[in-house]
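Welcome, and thanks for taking a look at this one with us. Below is a short tour, arranged by topic, to read alongside the structure.

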Amino acid sequence: MLQLDGVRIVQGDFRLAADFTLETGMLAPVVGPSGAGKSTLLDVVAGFFAPAQGRVLWDGQDLGPLEPGQRPLSIVFQDNNLFPHLSVAQNVGLGLSPSLRLSRADRARVESGLDRVGLAGMGGRKPASLSGGQQSRVALARVLLRARPLLLLDEPFAALGPALRAEMMDLLRALAAETGATVLMVTHDPRDARRLGGQTVLVAEGRAHAPQDTAALFADPPEVLRAYLGDG
């Protein structure tokens with residue numbers, strides 16, 4: 001499980017407190033007003049930014065001493081982290097080997113991963129030739145092959161239209177169920193949070209609140225969430 005133990009984040013005048021536990025295998029949308037610290041929270045879990053106080057633990061292990069690449073996680077940003085000069089298969093293969101020295105078995109795993117996300121036969125193409133939804137699928141295929149137990153996503157589908165966003169959310173849910181991964185996903189769209197389900201982390205007013213059942217939270221949102229949703 002993921003535990004943020006008395007974490008305090010300080011960046012200039014910005015302050016954010018987080019003290020909660022997320023059970024293994026949980027799907028957790030991260031929502032809240034712009035500038036509240038949603039992406040910063042993911043950065044601290046990933047190891048890109050150290051908290052001023054407290055610890056980030058995975059299954060009881062303090063991740064503080066570990067560099068981002070050593071942590072048991074994968075992260076997907078809005079731009080999908082794709083390298084334009086590499087083929088689709090090579091971008092996915094980076095999940096197995098940063099040097100792209102892939103064995104025959106590795107290449108077979110890449111093809112299998114592409115097939116799993118609906119991109120069979122597209123390994124030779126470049127990212128620029130793909131649609132936004134297809135690029136998102138490449139990013140998900142790569143994290144599928146990395147097989148890390150914790151998956152962080154920072155508004156990965158923000159540039160997609162509603163129907164395609166819903167399709168990608170369903171694919172994310174399926175992949176998480178298949179791998180048993182714990183998922184933290186920042187989104188500005190409440191429809192994404194409702195579709196992902198699980199337990200939502202509300203980031204607002206200087207605090208990342210403990211995860212709450214997503215359906216229950218949106219059925220009876222606190223005042224700060226109502227204001228963000230425009231229901232206040």
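Let's begin with Asp 5, which is partly exposed because its relative accessible area is 27%, between the 20% limit for buried and the 50% limit for exposed. Please keep in mind throughout that this is a predicted model. Asp 5 leads us to the salt bridges, and from there we move on to the two domains and a few local spots.

**The salt bridge of Asp 5**

- Asp 5 pairs with Arg 55 in a salt bridge, with 3.0 Å between the closest N and O atoms.
- This pair joins distant parts of the chain, since Asp 5 belongs to strand β1 (residues 2–11) and Arg 55 to strand β4 (residues 53–58), 50 residues apart.
- Arg 55 also counts as partly exposed, with a relative accessibility of 39%.
- In total, the structure holds seven salt bridges.

**How the domains are laid out**

- The protein chain splits into domain 1, made of 2–72 + 148–229, and domain 2, covering 86–147.
- Taken over C-alpha atoms, the centres of domain 1 and domain 2 lie 25 Å apart.
- Domain 1 brings 16 residues to the contact, and domain 2 brings eleven residues.

**The interface between the domains**

- The size of an interface is often expressed as the accessible area that is lost when its parts come together.
- Here, domain 1 and domain 2 bury about 1,100 Å² between them, with carbon and sulfur atoms giving 64% of that area.
- Which three residues supply more than any others of the area that domain 1 buries against domain 2? They are Arg 148, Leu 171 and Leu 175, which supply 43% of that area.
- Between domain 1 and domain 2 there are two salt bridges.
- Three residue pairs are in polar contact across the interface of domain 1 and domain 2, counting pairs with both residues at pLDDT 80 or more.
- On the side of domain 1 that touches domain 2, β7 (150–154) and α5 (162–179) each supply at least two residues.
- The largest share of that side comes from α5, with nine residues.
- Sorted by class, the side of domain 1 that touches domain 2 has twelve nonpolar, one polar and three charged residues.

**Glu 167 and Arg 137**

- Glu 167 and Arg 137 form a salt bridge through their side chains, at 2.1 Å from N to O.
- Glu 167 sits in helix α5 and Arg 137 in helix α4, so this salt bridge links distant parts of the chain, 30 residues apart.
- Are the two partners buried or exposed, or partly exposed? Glu 167 is partly exposed, with a relative accessible area of 40%, whereas Arg 137 counts as buried at 15% relative accessibility.

**A salt-bridge network around Arg 165**

- The side chains of Asp 192 and Arg 165 form a salt bridge, at 2.3 Å from N to O.
- Asp 192 lies in helix α6 (residues 190–196) and Arg 165 in helix α5, so their pairing ties together parts that are 27 residues apart in sequence.
- Asp 192 and Arg 165 are both buried.
- Arg 165, Asp 189, Arg 191 and Asp 192 are joined into one network by salt bridges that share partners.

**Two loop positions**

- Ser 87 lies in the loop between β6 (73–76) and α2 (88–93).
- Ser 87 counts as buried because its relative accessible area, 11%, is under 20%.
- The side chain of Ser 87 reaches the backbone oxygen of Gly 123 at 3.4 Å.
- Beyond its neighbours within four places in sequence, Ser 87 is in contact with Gly 123, Gly 124, Arg 125 and Lys 126.
- Gly 121 belongs to the loop between α3 (104–116) and α4 (132–146).
- Gly 121 counts as exposed because its relative accessible area, 73%, is over 50%.
- A distance of 9.6 Å separates the C-alpha atoms of Gly 121 and Ala 89, which are 32 residues apart along the chain.

**Helix α1 and the residue after it**

- How many of the nine residues in helix α1 (residues 38–46) are buried? Seven are, so the helix is mostly covered.
- The buried residues of α1 are Lys 38, Thr 40, Leu 41, Leu 42, Val 44, Val 45 and Ala 46.
- Gly 47, just after α1, takes a positive phi of about 95°.

Definitions and conventions:
Residues numbered from 1 in each chain as written. Predicted model: local features only at pLDDT ≥ 70, side-chain atom pairs only at ≥ 80, totals over all residues. Heavy atoms only, no water. Domains from an automatic or database assignment. Contact = heavy atoms within 4.5 Å. Buried area = accessible area lost by both parts, 1.4 Å probe. Salt bridge = Lys/Arg side-chain N within 4 Å of Asp/Glu carboxyl O. Polar contact = N/O pair within 3.5 Å; in protein donor to acceptor, adjacent residues only side chain to side chain. Helix = DSSP H or I, 4+ residues; strand = E, 2+ residues; numbered from the N terminus. Nonpolar A, V, L, I, M, F, W, Y, C, P; charged D, E, K, R; others polar. Buried < 20%, exposed > 50% of the residue type's maximum accessible area, 1.4 Å probe, protein only.
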